[in-house]
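This report describes the fold, the nonpolar core and the chain end of one protein. The structure is shown below.

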Amino acid sequence: ELNGKELHGVSFKKGCFVGQENTARMNLRNKIRKRVLPVQIISGTVEMDENISINDTMVGKIISIEPHCFAIIKIEEGNVFDQTIQLKQASIKITKPYWL
């Protein structure tokens with residue numbers, strides 16, 4: 001979920017680390033359903049733990065605002081990238097990072 005594989009923060013070829021079994025199992029089964037992704041605030045203000053919904057389907061939640069805005073997003077909910085999403089007091093875009 002934290003994009004460790006894509007950012008080369010996890011090696012599946014060497015030594016032991018805490019959570020190795022779960023990480024390896026999720027990687028082998030390709031079961032990663034959520035990802036931490038950057039959020040661009042177009043207008044307004046967002047709040048911590050604010051839900052993100054597209055067409056009345058909750059797709060994620062804001063988990064960081066400062067110094068940058070990030071959200072944990074369910075990526076299996078269809079195309080969540082590069083569309084303007086209206087929240088309570090803000091308009092946002094979930095941007096697809098170059099490493100995905």
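In this predicted model, the largest nonpolar core has 17 residues, and the members that touch the most others are Ile52, Ile73, Val80, Ile85, Ile92 and Ile94. Several strands supply at least two residues each to this core, as tabulated here.

| Strand | Residue range | Residues supplied to the core |
|---|---|---|
| β1 | 34-44 | at least two |
| β2 | 51-54 | at least two |
| β3 | 57-64 | at least two |
| β4 | 70-74 | at least two |
| β6 | 90-94 | at least two |

The largest share, three residues, is that of β6.

Ile52 illustrates how the core is connected. Apart from neighbours within four places in sequence, Ile52 is in contact with Thr57, Met58, Val59, Gly60, Lys61 and Ile62, and also with Ala71, Ile73, Ile85, Leu87, Ile92 and Ile94.

As to the overall fold, the protein contains one helix and six strands, which follow the order α-β-β-β-β-β-β from the N terminus. Of the contacts between residues at least 6 apart in sequence, 55% link residues at least 24 apart. Buried residues account for 25% of the 100 residues. The protein exposes about 7000 Å², of which 50% is supplied by carbon and sulfur atoms.

Leu100 lies in the segment after β6. Is this residue, Leu100, buried or exposed? Leu100 counts as partly exposed because its relative accessibility is 35%, between the cut-offs of 20% for buried and 50% for exposed. The C-alpha atoms of Leu100 and Glu6 are 6.9 Å apart in space, although the two residues are 94 residues apart in sequence.

Technical notes. Residues are numbered from 1 along each chain as its sequence is written. This is a predicted model: local features need pLDDT of at least 70, side-chain atom pairs count only at pLDDT 80 or more; totals for chains, interfaces and linings use all residues. Side-chain values use heavy atoms; hydrogens and water are left out. A nonpolar core is a set of buried Ala, Val, Leu, Ile, Met, Phe, Trp, Tyr and Cys residues joined through side-chain atoms within 4.5 Å. Buried means under 20% relative accessible area, exposed over 50%, partly exposed in between (1.4 Å probe, protein chains only). Helices (H or I, at least four residues) and strands (E, at least two) are DSSP runs, numbered from the N terminus. Contact means heavy atoms within 4.5 Å. Accessible areas come from the Shrake-Rupley method with a 1.4 Å probe; for residues, only the protein chains shown count as cover.
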